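Here are my notes for you, in the order I would go through them on screen. Keep the 3D view open and click along as you read.

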Amino acid sequence: MKKFCIIFLLSIIISLTAFGFGNFSQNGHTMSALSSQNTALQSEYLRIHIRADSNENEAQAVKYRVRDRLVECLTPMVAECQTKAQAMDGIAGRLGELSAAAEEVLQEYGFAYGATAELTTETFPTRVYDGYTLPAGEYTALIVRLGKGAGDNWWCVVYPPLCFAATDTNVIYKSKIKEIIDRFYIGG
């Protein structure tokens, strides 16, 4: 019975994930019902993009150091937020702090260029992160530009927190689906 319940739960989760996060096409045309659902999902996400100065190895490596510092800063900032608006308000009031944290990392590793942080709305292509698909479209995003910001970026979702969560002193990457399965399996 337990195996049946797990399989049933997994089927539901996979179905919800496919319909909730996927961008399905039929003969090259997006189905309108899913398209409007995708638009609704887009309005609920607050993305983060950290754009490296360039695609040189050093610029890409420091981008990940900046990411680590910003995740440390953002995690407690958005941990208690219940809505995207709350997350945006919290971040908007601390953009200078986020820029300064990024610049501190850049200086620590010998980079003379600065960093800027802004909340904006941009159009993004379809992206997949850890099994989640965010369809192409317009999203609100925290954009952190390192120097010229002309290199490849690291991205994630700040709200709802898709890819990081606070522990006692560490930041861990997590999967919401795995959490649901673990809760069901351990609790059941």
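## Notes on the model

1. Let's begin with a pair of strands. Strand S3 (residues 46-51) and S8 pair in the antiparallel sense, with 6 bridges between them. To find two of those partners, look for Ile50, whose bridge partner in S8 is Trp154, and then for Arg51, which stands opposite Asn153 in S8.

2. S3 has another partner too. It is joined to S7 by 6 bridges, and here the strands run parallel. Ile50 turns up again in this pairing: it stands opposite Val144 in S7. So when you click on Ile50, look for Trp154 in S8 and for Val144 in S7.

3. Is S3 enclosed or exposed? Of its 6 residues, 6 are buried, so the strand is largely enclosed by the rest of the structure. Have a look at the side chains as well: Leu46, Ile48 and Ile50 point one way, while Arg47, His49 and Arg51 point the other way, and all are buried. Yes, that list of buried residues includes Arg47 and Arg51.

4. Strand S8 (residues 153-159) gives a similar story. Here 6 of the 7 residues are buried, so S8 is also largely enclosed by the rest of the structure.

5. Before you go further, a word on trust. This is a predicted model, and the protein averages a pLDDT of 76, with 64% of the residues scoring at least 70. Among the elements, helix H5 (residues 95-108) has the highest mean pLDDT, 97, and strand S1 (residues 25-26) the lowest, 34. Two stretches deserve a note in your margin. Over residues 3-38 pLDDT stays under 50, and the model has 41 contacts beyond four places in sequence for them. Over residues 166-178 it also stays under 50, with 28 such contacts in the model.

6. Now the aromatic rings. How many aromatic pairs does a search of the whole structure find? The count is 3. In one of them, the rings of Tyr45 and Tyr139 have centres 6.4 Å apart and planes at 40°, so the pair is tilted. This pair links distant parts of the chain: Tyr45 is in the loop between helix H2 (32-44) and S3, Tyr139 is in strand S7 (residues 137-146), and they are 94 residues apart. Both of these tyrosines are buried. Together with Phe124, Tyr45 and Tyr139 form one aromatic cluster.

7. Another ring pair is Phe111 with Tyr113. Their centres are 5.4 Å apart and their planes at 50°, so this pair is tilted as well. The two residues fall on either side of the 20% cut-off for being buried: Phe111, with a relative accessible area of 19%, is buried, whereas Tyr113, at 21%, counts as partly exposed.

8. Go back to Arg47 and see what its charged end is doing. That end sits over the ring of Trp155, 4.7 Å from the ring centre. Arg47 also lies over the face of Tyr139, at 4.6 Å from the centre of that ring.

9. Thr140 is a good residue to explore on your own. You will find it in strand S7, and it is buried, with a relative accessible area of 13%. Its side chain and that of Lys84 are joined by a polar contact of 3.1 Å. Leaving aside neighbours within four places in sequence, Thr140 is in contact with several residues, including Tyr45, Arg47 and Met88.

10. One backbone detail is easy to miss. Most peptide bonds are trans. The bond joining Tyr159 and Pro160, though, is cis, with omega at about -10°. Pro160 is in the loop between S8 and strand S9 (165-166).

11. Finally, zoom out. The secondary structure comes to 6 helices and 10 strands, and buried residues make up 39% of the 188 residues. Among contacts between residues at least 6 apart in sequence, 68% join residues at least 24 apart. For an example of separation along the chain, pick Ala92 in helix H4 (residues 84-92): Ala92 and Leu142 are 50 residues apart in sequence, with their C-alpha atoms 9.1 Å apart in space. At 43% relative accessibility, Ala92 counts as partly exposed.

Definitions and conventions:
Residues are numbered from 1 along each chain as its sequence is written. This is a predicted model: local features need pLDDT of at least 70, side-chain atom pairs count only at pLDDT 80 or more; totals for chains, interfaces and linings use all residues. Side-chain values use heavy atoms; hydrogens and water are left out. Buried means under 20% relative accessible area, exposed over 50%, partly exposed in between (1.4 Å probe, protein chains only). Helices (H or I, at least four residues) and strands (E, at least two) are DSSP runs, numbered from the N terminus. Two strands pair if DSSP finds at least two bridges between them. Rings of Phe, Tyr and Trp (its six-membered ring) pair if their centres lie within 6.5 Å; planes under 30 degrees apart count as stacked, over 60 as edge-to-face and the rest as tilted. A charge sits over a ring if NZ of Lys or CZ of Arg is within 6 Å of the ring centre and within 35 degrees of the ring normal. A polar contact is a pair of N or O atoms within 3.5 Å; within protein, one must be able to donate a hydrogen and the other to accept it, and residues adjacent in sequence count only if both atoms are side-chain atoms. Contact means heavy atoms within 4.5 Å. pLDDT is the predictor's confidence in each residue, from 0 to 100.
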